[in-house]
Amino acid sequence: MNPEPRSTGTDRLRALNVPHRVQVELDQHGLPIALWDGDGEAPRAVEVVGEVWYLDDEWWRAPIARRYIEVVLAGGGRVVLFEDRTTGAWFAQLPTPC
């Protein structure tokens with residue numbers, strides 16, 4: 001009689017901080033002032049713009065050129081946004097719910 005194989009845990013793995021596409025309204029300095037998913041949801045105002053950083057990597061494969069911006073939304077909630085500088089598309093990196 002063979003026992004059931006033990007799970008290696010890979011069947012329970014899930015990605016964290018999966019980015020999803022958002023629309024972002026920018027001020028005259030190119031910083032976010034509002035964001036929304038674009039699915040009829042009302043825009044959420046940005047209360048505070050935090051750290052801004054850039055990532056340029058993997059030029060030898062497919063280039064990755066991103067501008068990351070940490071924001072705090074009106075009513076609470078911290079979100080890390082990034083702009084794909086090759087396409088102009090914006091994404092929010094939010095943790096996947098448990």
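## A first question

Which residue in E5 is the bridge partner of Glu70? The partner is Val80. That pair is a handy way into this model, which is predicted.

## The chain as a whole

Let's step back for a moment. The chain has 98 residues, and 26% of them count as buried. You'll find 6 strands and 0 helices here, so to speak a plain run of β-β-β-β-β-β from the N terminus on.

About 7200 Å² of the chain is exposed, with carbon and sulfur atoms supplying 54% of that area. As for contacts with a separation of 6 or more, 35% of them are between residues 24 or more positions apart.

## How confident is the prediction?

The average pLDDT of the chain is 85, and 78% of the residues score at least 70. Among the elements, strand E2 (residues 32-36) comes out highest, with a mean pLDDT of 96, while strand E6 (residues 90-94) is lowest at 88. A word of caution: where pLDDT is low, the predicted coordinates shouldn't be read in detail.

## Following the strands

Start at E2, which pairs with strand E3 (residues 44-57) in the antiparallel sense over 2 bridges. Here Ala34 has Ala45 in E3 as its bridge partner.

Next, E3 is joined to strand E4 (residues 64-73) by 9 bridges, and these strands also run antiparallel. Two spots to look for are Tyr54, whose bridge partner in E4 is Arg67, and Asp57, which stands opposite Ile64 in E4.

Then comes the pairing of E4 and E5, antiparallel again, over 7 bridges. The hairpin of E4 and E5 has 4 residues between the strands, and in it Gly75 takes a positive phi near 85°.

## Glu83 up close

Glu83 is worth a stop. You'll find Glu83 in strand E5 (residues 78-84). Is Glu83 buried or exposed? With a relative accessible area of 17%, Glu83 is buried, because buried means under 20%.

Leaving out residues up to four places away in sequence, Glu83 touches Ala65, Arg66, Arg67, Gly88, Ala89 and Trp90. With one of these, Arg67, Glu83 forms a salt bridge, and the closest N and O atoms are 3.1 Å apart. Since Glu83 lies in strand E5 and Arg67 in strand E4, the pair ties together parts that are 16 residues apart in sequence. Both ends of this salt bridge, Glu83 and Arg67, are buried.

## Other salt bridges

How many salt bridges does a search of the whole structure find? It finds 4. Besides the pair at Glu83, one of them links the side chains of Asp56 and Arg85, at 2.7 Å from N to O. Asp56 lies in strand E3 and Arg85 in the loop between E5 and E6, so this pair ties together parts that are 29 residues apart in sequence. Arg85 counts as partly exposed, because its relative accessibility is 38%.

Another brings us back to where we began: the side chains of Arg78 and Glu70 meet in a salt bridge, at 2.3 Å from N to O. Arg78 is exposed, since its relative accessible area is 55%. Glu70, then, has this salt bridge with Arg78 as well as Val80 as its bridge partner in E5.

Key
Residues numbered from 1 in each chain as written. Predicted model: local features only at pLDDT ≥ 70, side-chain atom pairs only at ≥ 80, totals over all residues. Heavy atoms only, no water. Buried < 20%, exposed > 50% of the residue type's maximum accessible area, 1.4 Å probe, protein only. Contact = heavy atoms within 4.5 Å. Areas by Shrake-Rupley, 256 points an atom, 1.4 Å probe, with all protein chains shown as cover. pLDDT = per-residue confidence, 0-100. Pairing = 2+ DSSP bridges.
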